[in-house]
Amino acid sequence: MEHSYFFITMIYLAAAVVFIPIAKKLGLGSVLGYLLAGVVIGPSLMGFIGSEGQDLMHFAEFGVVMMLFLIGIELEPALLWNLRAPILGLGGLQVLISTAAVAALALLLGQPLNAALALGMILSLSSTAIVLQSLKEKGQMSSAAGQSAFSVLLFQDIAVIPMLAVFPLLAGSSQSAAGHSESSLRDNLPAWGQTLVVLGAVVVIVVAGRYLLRPLLRIIAATRVRELFTAFSLLLVVSISVLMSLVGLSPALGAFLGGVVLANSEYRHELESDIEPFKGLLLGLFFMAVGASIDFKLILSMPWVILGLVVGLMTLKGLILLGLGKIFKISIEQNLLFAMALSQVGEFAFVLLSFSNQNNILPQATVSILTAVVAISMALTPLLLLAYEKLIQPRFNVQSTNTREADEIQEKHPIIIAGFGRFGNIVGRFLRVNGVKATILDLDSDRVDALHNLGVKVYYGDAARRDMLESAGAADAKVIIVAMDTVEQTLEVVRVVRKHFPHLQMLVKAENIPDTFELMDLGVLHIYRETLDTSLRMGADALQMLGVRAYHAYRNAGTFRKQDEKAMKGLSAIRDDKKLYINTVKERIEELEKLMSGERTTRYNPSGLGWDEQSLIDEARQEE
Amino acid sequence: MSRILILFAHPAFEKSRVHHQLLATIRGMQGVTVHDLYETYPDLNIDVRQEQGLLLQHDIILFQHPFYWYSAPAIIKQWQDLVLEHGWAYGRTGTALRGKRITNVISAGTKEEAYQADGWHQHSLTDFLLPFKQTATLCNMQYLAPFVVYGTHQMDTTGISEHAISYKQFLENLRDR
């Protein structure tokens with residue numbers, strides 16, 4: 001069936017829009033929703049998409065690259081260094097032992113040695129996309145299981161490189177590495193040259209990320225063309241992928257590295273929120289492609305073989321993970337989650353399977369069966385995690401939740417400051433000297449840089465974007481201070497916060513009376529007219545210079561401010577009726593003058609309220 | 001020669017007749033520092049180190065204020081609460097004020113007769129000043145007899161200036177003795 005490009009796009013998007021909310025509602029998680037959507041629109045059921053599913057999957061794998069970039073950017077290099085033991089130890093052992101075990105099993109089942117080894121390597125890998133997405137969705141990324149799973153997956157990404165190098169050797173001498181679709185720069189180099197090229201690529205990423213990217217991002221941001229920043233973010237990830245493929249490294253690994261290098265940059269939140277939707281869509285596409293690639297005809301023709309392979313494989317991998325988790329002292333409850341999460345076979349198996357078919361290591365029949373097995377194991381993972389969440393975790397109840405609290409990946413503060421101009425700046429400094437840390441967002445790239453040089457951590461980004469606020473930790477914050485440069489920006493931020501983060505207490509800077517009214521209409525309770533307090537302080541000082549006592553001036557300024565704010569509330573309701581408004585304003589002014597004159601006193605002619613009251617003196621005199 | 005610090009507190013000095021005269025008369029006296037608390041701290045945010053430094057530079061401390069509700073205006077209490085720190089003014093190591101002398105300079109609306117056991121207020125002014133006296137004792141200071149201007153409600157300008165002159169003498173005696 002030939003369909004137009006738009007039709008296919010429509011089918012995919014529609015499937016996502018229909019299935020994800022249903023899956024979420026049923027508590028299945030989005031990954032399972034995408035997989036189901038893929039099954040439904042795939043060749044087995046509705047047949048909207050057919051053979052292009054495979055090509056699509058290669059394209060959609062770019063979502064995994066983006067995901068690793070995002071994981072990298074959320075990971076401080078110091079944290080990565082802390083994970084070095086689990087990455088090398090846990091990850092290394094998992095790949096080695098699983099490869100050996102699967103290979104041994106394959107030998108027993110009568111596969112030749114080279115095929116058995118290939119199978120071992122292919123099936124030892126797990127699915128970065130499914131595991132990380134699911135764990136993230138369940139908020140398990142910072143748990144012991146999450147961190148361990150992440151470490152193992154990271155090592156697997158590294159391990160793919162030597163695997164790709166070994167595969168041609170397994171094929172014997174007749175086939176060369178030509179099976180690999182992209183020719184790599186280092187093919188014709190000696191071993192030391194290859195190493196140099198790989199190292200060179202890594203150095204390029206680190207150095208460019210450190211020294212080249214920041215000025216570039218500043219220039220891009222200074223153009224104030226929104227989509228240019230998005231374009232640049234994408235360009236960044238794509239370039240890293242291209243560079244990595246060129247030297248034969250995994251693009252995902254390169255993207256991860258690029259992310260880590262940028263983790264401390266002030267553009268971090270902006271990059272994150274720009275890439276995030278693309279990553280989400282591509283990953284969704286990827287999951288749907290996996291769902292669509294499940295060949296039900298094949299499964300139905302040999303259900304027991306495939307089922308046995310799936311169950312056997314996942315049990316084997318799971319047991320190995322469980323044992324490793326025990327050695328690495330993961331608590332039993334977290335260990336179960338860890339083992340169940342990583343027991344499937346990953347998306348890279350699709351690539352390696354077709355690769356080994358081209359290299360004549362595995363026959364087509366085996367590849368077809370295994371493709372089905374891999375897809376099913378991936379589809380089962382969200383279900384397994386769901387079962388874990390519903391059946392196993394409740395038995396261990398609360399005690400486990402704080403195991404690795406300190407290893408929180410994202411920095412989160414109770415206060416977000418949106419807009420770090422003249423106004424927000426002072427608020428921020430005041431909070432800071434009081435030991436309150438705030439996540440600061442600002443839209444002026446020059447200012448962000450200037451502050452950065454002063455050692456103040458400010459993130460470049462538009463707080464009127466929901467995803468930006470999300471990255472800044474709005475879901476967990478308590479207070480947001482809105483002090484944007486313009487009224488329009490302020491109103492936008494207020495609307496977004498009201499809509500998506502209604503729990504946040506808003507403190508909002510207003511510039512003048514009309515926008516104060518608008519903020520009141522939006523239901524903002526804490527409004528601060530930027531000039532009010534300062535003007536009154538100035539007025540009080542002026543009074544003092546004319547000889548008025550400081551305390552008197554101070555109190556009257558306070559009274560004025562209170563009255564004025566009260567009056568604003570009353571005026572807000574009638575502001576559309578011009579005549580009534582003007583009259584009321586006049587009345588208020590008179591009222592205020594009367595009130596103030598009560599306090600205003602001339603020396604030796606006391607008439608005011610409080611302290612040395614005239615009435616008391618008069619009374620005392622009468623009693624004489 | 002002793003150095004005198006006057007901690008002056010009047011929340012509505014602009015209305016005051018008595019304290020204007022008192023302060024005008026002693027203006028520029030050698031060895032006397034007038035420190036206007038409400039003018040310095042209209043927000044009652046008292047600079048503790050600054051105040052303690054002032055105390056250390058003087059030998060005699062006077063609270064000069066109108067007598068409100070049988071006590072001093074609020075800022076004096078705020079001043080006491082903040083400046084007389086434990087470990088500095090009192091307590092085992094609180095010896096900074098040891099040997100200094102202190103008292104109140106007060107204007108009271110009613111006449112002296114009212115401040116008697118059988119008078120309108122049923123107690124003497126000294127009774128009402130007990131917290132000040134005991135505070136001084138706790139801070140290792142000697143509490144002197146207060147200087148009081150009674151009956152300001154009915155006092156005319158001449159009466160006030162007479163009191164102002166005797167206030168000046170009171171200060172001179174303290175300073176030179």
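## A first look at chains A and B

In chain A, the axes of helix H1 (residues 5–25) and helix H13 (residues 268–293) come within 11 Å and cross at roughly 95°. Angles of 65 to 115 degrees count as roughly perpendicular, so H1(A) and H13(A) are roughly perpendicular to each other. Keep in mind that this is a predicted model. Below you'll find that helix crossing, another one in chain B, and some notes on cavities.

**Chain A as a whole**

- Chain A has 624 residues, and 50% of them are buried.
- If you're counting secondary structure, chain A holds 27 helices and 6 strands.
- Take the contacts in chain A with a separation of 6 or more: 75% of them are between residues 24 or more positions apart.

**Where H1(A) meets H13(A)**

- Back to the crossing of H1(A) and H13(A), with axes that come within 11 Å.
- On the H1(A) side, the contact is made by Tyr12(A), Leu13(A), Ala15(A) and Ala16(A).
- H13(A) brings Leu281(A), Leu285(A) and Met288(A) to that contact.
- Sorted by class, the contact of H1(A) with H13(A) has 7 nonpolar residues, no polar and no charged.

**A helix crossing in chain B**

- Over in chain B, helix H3 (residues 48–56) and helix H4 (residues 74–83) have axes that come within 10 Å and cross at roughly 90°.
- That angle makes H3(B) roughly perpendicular to H4(B).
- H3(B) takes part in the contact through Val48(B), Glu51(B), Gln52(B) and Leu55(B), while H4(B) does so through Trp79(B), Leu82(B) and Val83(B).
- The class split for the contact of H3(B) with H4(B) is 5 nonpolar, 1 polar and 1 charged.

**Cavities**

- Searching the whole structure turns up 4 cavities of 30 Å³ or more.
- The second largest cavity has a volume of about 90 Å³.
- This second largest cavity is lined by 14 residues, and the closest to its centre are Phe63(B), Leu84(B), Ile102(B), Thr135(B) and Met141(B).
- Several elements of chain B each supply at least two residues of the lining of the second largest cavity: strand E3 (60–66), H4, strand E4 (101–107) and helix H6 (130–138).
- H6(B) gives the most to that lining, with 3 residues.
- By class, the lining of the second largest cavity comes out as 11 nonpolar and 3 polar residues, with no charged ones.
- So H4 of chain B turns up twice here, once crossing H3(B) and once among the elements that line the second largest cavity.

Methods
Residues are numbered from 1 along each chain as its sequence is written. Chains are lettered from A and ligands numbered from 1 in the order in which they are written. This is a predicted model: local features need pLDDT of at least 70, side-chain atom pairs count only at pLDDT 80 or more; totals for chains, interfaces and linings use all residues. Side-chain values use heavy atoms; hydrogens and water are left out. Axes are lines fitted to C-alpha atoms, for helices over the stretch in contact, and angles run from 0 to 180 degrees between N-to-C directions. Helices (H or I, at least four residues) and strands (E, at least two) are DSSP runs, numbered from the N terminus. Angles under 35 degrees count as roughly parallel, over 145 as roughly antiparallel, 65 to 115 as roughly perpendicular and the rest as oblique. Contact means heavy atoms within 4.5 Å. Ala, Val, Leu, Ile, Met, Phe, Trp, Tyr, Cys and Pro count as nonpolar, Asp, Glu, Lys and Arg as charged, and the others, Gly among them, as polar. On a 1 Å grid over the protein atoms alone, a cavity is a set of points where a 1.4 Å probe fits but cannot get out, and a pocket is an open set with protein on both sides within 12 Å along at least five of seven lines; lining residues have an atom within 4 Å of a point. Grid points are joined across faces, edges and corners, and a volume is the space filled by probe spheres set on the points. Buried means under 20% relative accessible area, exposed over 50%, partly exposed in between (1.4 Å probe, protein chains only).
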